[in-house]
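The following exercises treat one strand with its neighbours and one pair of domains. Please attempt each task before reading its solution.

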Amino acid sequence: MSMPHPDLLIVLAGIVAVLIVASAIGYALQRAAPEPNAVIENLNDRIQAWWVMVILMGLALIGGKTGVTLLFGFCSFAALREFATLTDTRRADHWALAAAFFVVLPVQYYLIWISWYGLYSIFIPVYAFLLLPIIAVLRGDTDRFLVRVAEVQWALMICVFCVSHVPALLSLEIPGYEGRNVLLIAFLVIVVQMSDVLQYVWGKLLGRTKIAPKLSPSKTVEGFVGGALSATAVGAALSWMTPFTPLQAALLSLVIVLMGFFGGLVMSAIKRDRGVKDWGNLIAGHGGFIDRLDSVVFSAPIFFHVVRYFWSAV
Amino acid sequence: MLSGGRLLVGRIVGFAILLFARFITAVRGRWDGIAPVDGQRIYFANHASHGDFILIWTVLPPRMRRQTQPVAGADYWLKTGMRRFIGRDVFNAVLIDRERENRKADPVAQMVEALDKGSSLIVFPEGTRNQTAEPLQPFKSGLYHLARARPDIDLVPAWIDNLNRVMPKGEFVPIPLICTVTFGAPLRVAETETKQEFLAKAEAALLALSPKTIEPNIIAPKAIAS
């Protein structure tokens with residue numbers, strides 16, 4: 001393992017500083033509140049979970065390719081476990097599901113780890129999508145077959161394929177940016193998470209008009225616009241850690257933010273269809289793993305391919 | 001008595017099983033109407049898989065775990081050396097004879113003996129694993145006799161959800177799915193209660209803990225609080 005890039009340490013120090021301020025504010029709010037307040041408790045739960053996530057993410061980024069691949073591989077596993085819990089799969093899907101967890105997931109991350117772009121970019125949509133229904137059909141249970149196959153495929157698409165495009169950013173070869181690819185991951189994750197937080201803040205401050213009352217009653221037009229614009233500004237301000245100019249960084253941030261927002265709506269629709277409020281209850285204040293990952297899920301592959309097309313040499 | 005080495009190996013294997021259970025099921029205990037505090041109890045749970053007591057054991061706080069013994073069928077857990085090791089040395093199970101004919105020890109007496117030594121118990125009053133479409137099979141009378149024998153000990157219902165999907169009968173590779181164990185308000189047998197009344201009460205108390213999400217398609221989306 002080589003020394004982490006100084007820029008990465010600066011970014012991590014910056015995030016830690018922000019979290020210290022957030023924790024201080026959370027503590028002050030709790031002290032100031034006359035009685036226990038659910039909103040403040042939830043806020044503090046979230047800040048605490050943030051600490052855990054930032055520490056894990058920081059360690060993974062410092063650990064380089066192996067660290068990041070392992071971390072996101074584990075995230076995919078936990079996400080797939082949550083997703084599969086909510087599907088209506090049956091006995092006959094047992095082997096297809098087992099293959100999804102214990103063959104497809106590790107193989108995908110192995111391919112990412114050895115940077116085999118030609119295979120990891122099609123392994124799930126071609127090989128897994130064709131082979132898993134074959135495994136399922138051999139059991140001979142045709143009841144709701146299409147639905148069951150689609151559920152397993154979507155679970156893999158969302159939880160494994162999309163998530164794996166975060167560590168895949170490390171395999172890009174951008175001239176003049178060698179050895180700094182972990183910063184692309186930091187950029188993506190910071191923009192996505194800032195967008196979530198800023199949309200929440202703007203929504204709480206100015207939110208009036210519901211944007212998708214049926215899907216996500218707490219999301220408002222004001223929150224969305226304010227959050228998207230300010231997260232784009234944050235992205236532009238972070239262009240120093242990327243191979244992009246400030247304008248390019250802003251445009252890419254906007255793409256990330258839009259994909260994240262609409263991805264969040266899609267994931268809400270799935271939750272509503274399944275009749276749950278959160279994907280799981282693993283992280284206090286944050287619901288499940290997928291609740292934290294949903295915006296990254298939709299933005300990561302698009303961000304990856306746009307950057308690859310315009311900037312990468314391979 | 002166990003020798004020191006065997007005890008140590010048992011502890012280590014127990015820890016490994018516990019980690020594995022968490023890895024596969026991310027199991028969480030929900031304490032709904034009772035707190036996870038010390039005190040002697042009889043946990044009674046639905047039975048769909050051989051892993052059932054492992055999940056209950058996993059969600060109990062470590063101190064309570066050490067004083068809790070599962071009650072399991074001797075016919076299954078004494079069959080091979082591996083099972084014997086797991087049943088006796090790892091989980092310290094009270095192994096009872098389920099065959100009514102020609103059994104040597106009375107199961108209720110064995111359970112009472114364990115209670116009198118201060119242990120809490122995990123029992124599966126359905127008797128065998130549930131492989132029917134019903135959420136719960138009728139309880140056997142053992143729970144009633146146990147409650148009568150030691151009426152001052154709380155009976156705590158514990159609903160284990162989803163484990164039957166993790167490893168359906170006949171499969172040997174578990175599918176990772178999130179499981180929960182929900183503990184409900186304790187109950188006791190009343191002075192005047194008949195066996196049928198008590199068993200019906202216990203069955204209802206356990207069934208009430210089953211999440212309505214077993215068939216997610218059935219719930220109307222409106223029922224979800226936003």
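This is a predicted model, in which local features need pLDDT of at least 70, side-chain atom pairs count only at pLDDT 80 or more, and totals for chains, interfaces and linings use all residues. Residues are numbered from 1 along each chain as its sequence is written, while chains are lettered from A and ligands numbered from 1 in the order in which they are written.

**Exercise 1.** Determine which residues of β4(B) and β5(B) are the bridge partners of B:Ala72 and B:Pro70.

*Solution.* Step 1: strands are DSSP runs (E, at least two residues), numbered from the N terminus, and two strands pair if DSSP finds at least two bridges between them. Step 2: β3(B), residues 68–73, is parallel to β4(B), residues 94–96, with three bridges; here B:Ala72 is matched with B:Leu95. Step 3: three bridges also link β3(B) in parallel to β5(B), residues 120–123, where B:Pro70 has B:Ile122 as its partner.

**Exercise 2.** Are the residues of β3(B) buried or exposed?

*Solution.* Step 1: a residue is buried if 20 or more other C-beta atoms, placed from the backbone, lie within 10 Å of its own, exposed if 12 or fewer, and partly exposed in between. Step 2: six of the six residues of β3(B) are buried. Step 3: in a regular strand, side chains alternate between the two faces of the sheet. B:Thr68, B:Pro70 and B:Ala72 point one way, and B:Gln69, B:Val71 and B:Gly73 the other.

**Exercise 3.** State how far apart the C-alpha centres of domain 2 and domain 3 of chain A lie.

*Solution.* Step 1: an automatic or database assignment supplies the bounds, here 86–171 for domain 2 of chain A and 178–314 for domain 3 of chain A. Step 2: their C-alpha centres are 24 Å apart.

Key. Helix = DSSP H or I, 4+ residues; strand = E, 2+ residues; numbered from the N terminus.
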